[in-house]
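Open your viewer and get a selection box ready. We will go from one stop to the next together.

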Amino acid sequence: FSLVSEAIDGLMSIRAFDKMGRLSEMFHSRLEWNNRPKWYQVFANRWLGVKMDTLGCFIVLIVGFLCVFGFQIERLSANYVGLILSQVLSITSVLNRLMRSITDVEIQMMSVERIQKFI
């Protein structure tokens, strides 16, 4: 933010020497450098979400096969099969929320560790 205040204070000099393009490029490069960690976090969250969705799909597939075989072999009631499948379908959202909560806690604890290091 110091660049913005410096630009406002020296606006007349910047316009007089026609350095607006240079200042704009400097501002954009610093802004991109500042946003880079956030983009890495977003990419990591997306990758983790895809992995958790894939794991959830495999779990649903396995439970679905077990329900079909259980329905054929042990005469499992259709009511129970429906209940089991409806409950297991929500596992993907539960896995995503769990992993995001764990990563958020880890990020927050890293900031605590940094504060303790500086104290």
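Helices here are DSSP runs of H or I with at least four residues, numbered from the N terminus. Select Phe58 to begin: Phe58 sits in helix 3.

Add Leu61, Phe65, Val68, Phe69 and Ile73, and with Phe58 you have a nonpolar surface patch of about 630 Å². Patch members have over 30% relative accessible area (Shrake-Rupley, 1.4 Å probe) and no salt bridge (Lys or Arg side-chain nitrogen within 4 Å of an Asp or Glu carboxyl oxygen); nonpolar side chains are joined within 5 Å.

Next, colour by pLDDT, the predictor's confidence in each residue from 0 to 100. The protein has a mean of 84, with 99% of residues at 70 or more. Helix 1 (residues 2-9) has the lowest mean among the elements, 74, and helix 4 (residues 78-88) the highest, 87.

This is a predicted model, where local features need pLDDT of at least 70, side-chain atom pairs count only at 80 or more, and totals for chains, interfaces and linings use all residues. Residues are numbered from 1 along each chain as its sequence is written, and side-chain values use heavy atoms, leaving out hydrogens and water.

How values were computed: Helices (H or I, at least four residues) and strands (E, at least two) are DSSP runs, numbered from the N terminus. Patches are made of residues with over 30% relative accessible area and no salt bridge: like charges are joined within 9 Å, nonpolar side chains (Val, Leu, Ile, Met, Phe, Trp, Tyr) within 5 Å.
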